[in-house]
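Q: Could you walk me through this model with me asking as we go? I'd like to begin with the backbone details and then move outwards.

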Amino acid sequence: FAWFKKRLWKRVDAVITATDYTVAKLEEQNIQVTKVRHGVMRDLLAEQGTQPIEQQKRVLFWRDLTVENGADVALAVFDSLAGKYPAIQFEMTVRKHWNELCGVQEIVDRHPNVVLRRFPYEEGVTLSQLLLESVCVVLPIRDISIDPQLVIIETLAAGIPIVTTNQRSNPEIVQDGVTGILVPLDDVHATTEAVDNLLGNPEVASQMGIEAKADIALRWNWNTYVQDVTAV
């Protein structure tokens, strides 16, 4: 259907995207495109409101429990570090998926501080609470579904540093070593090392979270979005 897609593209008056990665990919196909950054879709800080937050004590994975999302890498990290940090809860917070990773329950049963939590959550538990009580989020995503990946922006906007893969538009969102840590695809060792570094240096993790919140507010916001799109 390539010929059909080309005809459809010719009928499009303007293409707008938010990342340099997507701009480059479209321009390779001779498609003219304008970059306009948008803001955060889901404001988890606003969702939490004035509800109290407990001390940060969690490493959180919050995506579907699939290989595409790097759940196997995250689980290997949890398996490796759970014994070293017994006071930290290593949590997979997931929705039901038709192609879930196998062997998860075995690792959950092996460690008292590795938790598998499924949506819908028990009464009184919210995603915003789980996220805001986390030292960091680990999302070793392989297949990015959209650029920018919204879950990464939403995590950083909430003031939580992230460990994620160094691919596609991720380096445009995460300032490596400042607001989070970028790791190679499929690299369990590098991902484990990154999480270990944050857990072993809570003051560094806390400062990364502060930087992350400020950086997203500055670079990914809705301040001029309407004017910019209207101009296009």
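Q: Where does R168 sit?
A: R168 is in the loop that runs between β7 (162–165) and α8 (170–173). Bear in mind that this is a predicted model, and that what I say about the loop holds for the model.

Q: And what is phi of R168 near?
A: The phi of R168 is near 45°, which is a positive value in a residue other than glycine. For background, most residues other than glycine have a negative phi.

Q: Is R168 buried, exposed or partly exposed?
A: R168 counts as partly exposed, because its relative accessible area is 35% and that class lies between the 20% limit for buried and the 50% limit for exposed.

Q: Which other residue has a positive phi, and where is it?
A: D186 has a phi near 65°, again a positive value in a residue other than glycine, and its place is the loop between β8 (180–183) and α9.

Q: Switching to peptide bonds, which ones are cis?
A: One cis peptide bond joins F119 and P120, with omega about 0°, and the bond from D147 to P148 is also cis, with omega near 0°. In general, most peptide bonds are trans.

Q: Where are those two prolines?
A: P120 is in the loop between β5 and α6 (127–132), while P148 is in the loop between β6 and α7 (150–157).

Q: OK, what about H111, buried or exposed?
A: H111 is buried, because its relative accessible area is 13%, under the 20% cut-off. H111 lies in the loop between α5 and β5.

Q: What does H111 touch?
A: Leaving aside residues up to four places away in sequence, H111 touches D79, A82 and G83.

Q: D79 falls within the range of α4, so which residues of that helix are buried?
A: In helix α4, which covers residues 71–81, the buried residues are A71, V73, A74, L75, V77, F78 and L81.

Q: And what do they pack against?
A: The buried residues of α4 pack against four strands and two helices, namely β3 (58–61), β4 (89–94), β5 (114–118) and β6 (134–139), together with α5 (104–110) and α9 (188–200).

Q: How many disulfides are there?
A: The count comes to zero disulfides. As for individual cysteines, C102 counts as exposed because its relative accessibility is 71%, whereas C136 is buried, with a relative accessible area of 0%.

Q: Zooming out, how many helices and strands does the chain have?
A: The protein chain has eleven helices and eight strands. Among contacts with a separation of 6 or more, 69% are accounted for by residues 24 or more positions apart.

Q: What is the radius of gyration, and what would a compact globule have?
A: The protein chain has a radius of gyration of 19 Å, and this agrees with the value near 17 Å that a compact globule would have with 232 residues. Along its principal axes, the C-alpha trace spans about 55 × 40 × 35 Å.

Q: How much of it is buried, and what does the chain expose?
A: Of the 232 residues, 48% count as buried. The protein chain exposes about 12,300 Å², and carbon and sulfur atoms supply 52% of that area.

Q: Last one: how far apart are the mean positions of the positive and negative charges?
A: The mean positions of the 22 positive and 31 negative charges are 8 Å apart in the protein chain.

Conventions: Residues are numbered from 1 along each chain as its sequence is written. This is a predicted model: local features need pLDDT of at least 70, side-chain atom pairs count only at pLDDT 80 or more; totals for chains, interfaces and linings use all residues. Side-chain values use heavy atoms; hydrogens and water are left out. The radius of gyration is taken over C-alpha atoms; the globule rule is 2.2 Å times the number of residues to the power 0.38. Buried means under 20% relative accessible area, exposed over 50%, partly exposed in between (1.4 Å probe, protein chains only). Contact means heavy atoms within 4.5 Å. Accessible areas come from the Shrake-Rupley method with a 1.4 Å probe; for residues, only the protein chains shown count as cover. Lys and Arg count as positive and Asp and Glu as negative; His and the chain ends are not counted. The place of a charge is taken as NZ of Lys, CZ of Arg, CG of Asp or CD of Glu. A disulfide is a pair of cysteine sulfur atoms within 2.5 Å.
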